[in-house]
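Open the model in your viewer and keep the selection panel at hand. Each stop below says what to select and what is there.

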Amino acid sequence: MASAPENEKNASAPEKKTLTLKSMINNEEFVVDEHVALQSVTIKNMVDSDCAGDVIPVPTISGEILALVIEYCKNHANPSASEDDLKKADAGIVAKDIYTLIDLVLAANFLDIKGLLEVTSQKIADSIKDLPHQDVREIFGVENDYTPEEEAAVRAEHDWAFEGFP
Amino acid sequence: MSEPKWEDLDRDCLVSIFGRLGLESLLLDVPFVCKSWYKATRIPQSWRHLDFSKLQLHDSWYYDDFTSRLMDTYGIEALPELPNRCMEEALLYVADECPALRTLVLPSNVLQGPQGPQFKIKNHMSKWTNLQFLKLQRCFDMKELLTQINIHCKNFEALAIERANIGRDEASAIVKFLPKYKGVASKVCFHEKEEPNDDFEGL
């Protein structure tokens, strides 16, 4: 815990507590106000259980993505931001190509930031909706791993509709 | 470090995305993209918005888009006329299998007498704690339905009933049980066009 002189210092000049987040992919570091970073339930749990050192390493998330995540958290930690402002800012953050969005959705899920997971998922869902599967495959760069027989089996499968019925 | 791929995307993320799609995508497109996406469509949490309004449930010389694509895709040759009992079982099934349900729109041509499935829907509210929007054709016991919604569905936002008899009792139940409510829509009588009754909008 903090020693006495430090307490005095805090009392005379209340400093905002900060955390340093470090991307383990490219070692980029970000100094962030604690209340901003704590929107991530994962980070909050680390801090609450005293597992967080001075620098919190963030595995599997690049600096580029971490910057977007922090931008989101900053916007949402700003008490004077209106709902409209936030909507616009969110839309800006997720207006990215499909390869950035996959990193972003993974980061939101890993860091457990509910709002960011929601807006990112919605953005991705919007680009899937109403498209035939061939187009989805092309846009998302997904390889077709079905053999023709397997695909036919899925097509022939409508027993699901009667599951649970006598 | 290799790039993440959409087909290997974490199951939680896929479910978070697929839960924002509706019946049409989940049945007709997503399962055919790749195997892992197909598997994620089998997870109940992917089924959060069930809008059956476009689904025809009887044999006809003409099927609309969704119904005919559904029949094509799954090799269904004719739609059986479903008896009331069957719809009740379907609702029971949805109640048990879709705990994350947010939107439910029942098909317009489901049999709907006072003992029909739409009458029984109030019995399922306790399972759908996330429900936000419900649309029915008829409702015979609105007070009880609203009571159940009030008890179980904390995030409930809007109720639409195609043909409802809203008298004094029902109106006071709306005010009493749904104070945080964003909207009730109903066409009380038979109108040509589907439009919400202004009296109850924005309550």
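The tour goes through a pocket, a cavity and three helix contacts. Keep in mind that this is a predicted model.

**Stop 1: the second largest pocket**

Select A:K114, A:E118, B:R20, B:R48 and B:R102. Of the 27 lining residues, these are the closest to the centre of the second largest pocket. The volume of this pocket is about 870 Å³.

Now colour by element. Four helices give two or more residues to the lining: helix 4 (63–77), helix 5 (83–94) and helix 7 (114–128) of chain A, and helix 1 (11–18) of chain B. Which helix gives the largest share of this lining? Helix 7 of chain A does, with 6 residues.

Switch to colouring by residue class. The pocket lining has 11 polar, 10 charged and 6 nonpolar residues.

**Stop 2: helix 7 of chain A against helix 1 of chain B**

Stay with two of the helices from the pocket lining. At what angle do helix 7 of chain A and helix 1 of chain B pack? The angle is about 65°, and the axes are 8 Å apart. Angles of 65 to 115 degrees count as roughly perpendicular, and therefore this pair is roughly perpendicular. The crossing is right-handed.

Show side chains for the contact. From helix 7 of chain A, pick A:L117, A:S121, A:I124, A:A125 and A:I128. From helix 1 of chain B, pick B:S16, B:I17 and B:F18. Of the residues in this contact, 6 are nonpolar, 2 are polar and none is charged.

**Stop 3: helix 6 against helix 7 in chain A**

Keep helix 7 of chain A on screen and add helix 6 (residues 98–111) of chain A. The axes of helix 6 and helix 7 of chain A come within 9 Å and cross at roughly 145°. Here the crossing is left-handed.

On the helix 6 side, select A:I98, A:L101, A:L104, A:V105, A:A108 and A:N109. On the helix 7 side, select A:L116, A:L117, A:T120, A:S121, A:K123, A:I124 and A:S127. By class, the contact between these two helices has 8 nonpolar, 4 polar and 1 charged.

Look back at A:L117, A:S121 and A:I124. They are among the residues that meet helix 6 of chain A, and they also belong to the contact with helix 1 of chain B.

**Stop 4: helix 4 against helix 6 in chain A**

Hold helix 6 of chain A and bring in helix 4 of chain A. Their axes come within 10 Å and cross at roughly 60°. Is this crossing left-handed or right-handed? It is right-handed.

Select A:E64, A:I65, A:L66, A:L68 and A:V69 in helix 4 of chain A. Their partners in helix 6 of chain A are A:T100, A:D103, A:L104, A:A107 and A:L111. The contact has 7 nonpolar, 1 polar and 2 charged residues.

**Stop 5: the largest cavity**

End with the enclosed space. The count is 2 cavities of 30 Å³ or more. The largest cavity has a volume of about 60 Å³.

Select its lining: A:L21, A:V32, A:V36, A:A37, A:S40, A:I43, A:V69, A:I70, A:C73, A:L111 and A:I113. Helix 2 (34–37) and helix 4 of chain A each supply at least two of these residues. The largest share, 3 residues, comes from helix 4 of chain A. How does this lining divide by class? It has 10 nonpolar, 1 polar and no charged residues.

Leave A:V69 and A:L111 highlighted. Both line the largest cavity, and both take part in the contact of helix 4 with helix 6 of chain A.

Terms used:
Residues are numbered from 1 along each chain as its sequence is written. Chains are lettered from A and ligands numbered from 1 in the order in which they are written. This is a predicted model: local features need pLDDT of at least 70, side-chain atom pairs count only at pLDDT 80 or more; totals for chains, interfaces and linings use all residues. Side-chain values use heavy atoms; hydrogens and water are left out. On a 1 Å grid over the protein atoms alone, a cavity is a set of points where a 1.4 Å probe fits but cannot get out, and a pocket is an open set with protein on both sides within 12 Å along at least five of seven lines; lining residues have an atom within 4 Å of a point. Grid points are joined across faces, edges and corners, and a volume is the space filled by probe spheres set on the points. Ala, Val, Leu, Ile, Met, Phe, Trp, Tyr, Cys and Pro count as nonpolar, Asp, Glu, Lys and Arg as charged, and the others, Gly among them, as polar. Axes are lines fitted to C-alpha atoms, for helices over the stretch in contact, and angles run from 0 to 180 degrees between N-to-C directions. Angles under 35 degrees count as roughly parallel, over 145 as roughly antiparallel, 65 to 115 as roughly perpendicular and the rest as oblique. A crossing is left-handed if the near helix is turned anticlockwise from the far one by less than a right angle, and right-handed if clockwise. Contact means heavy atoms within 4.5 Å.
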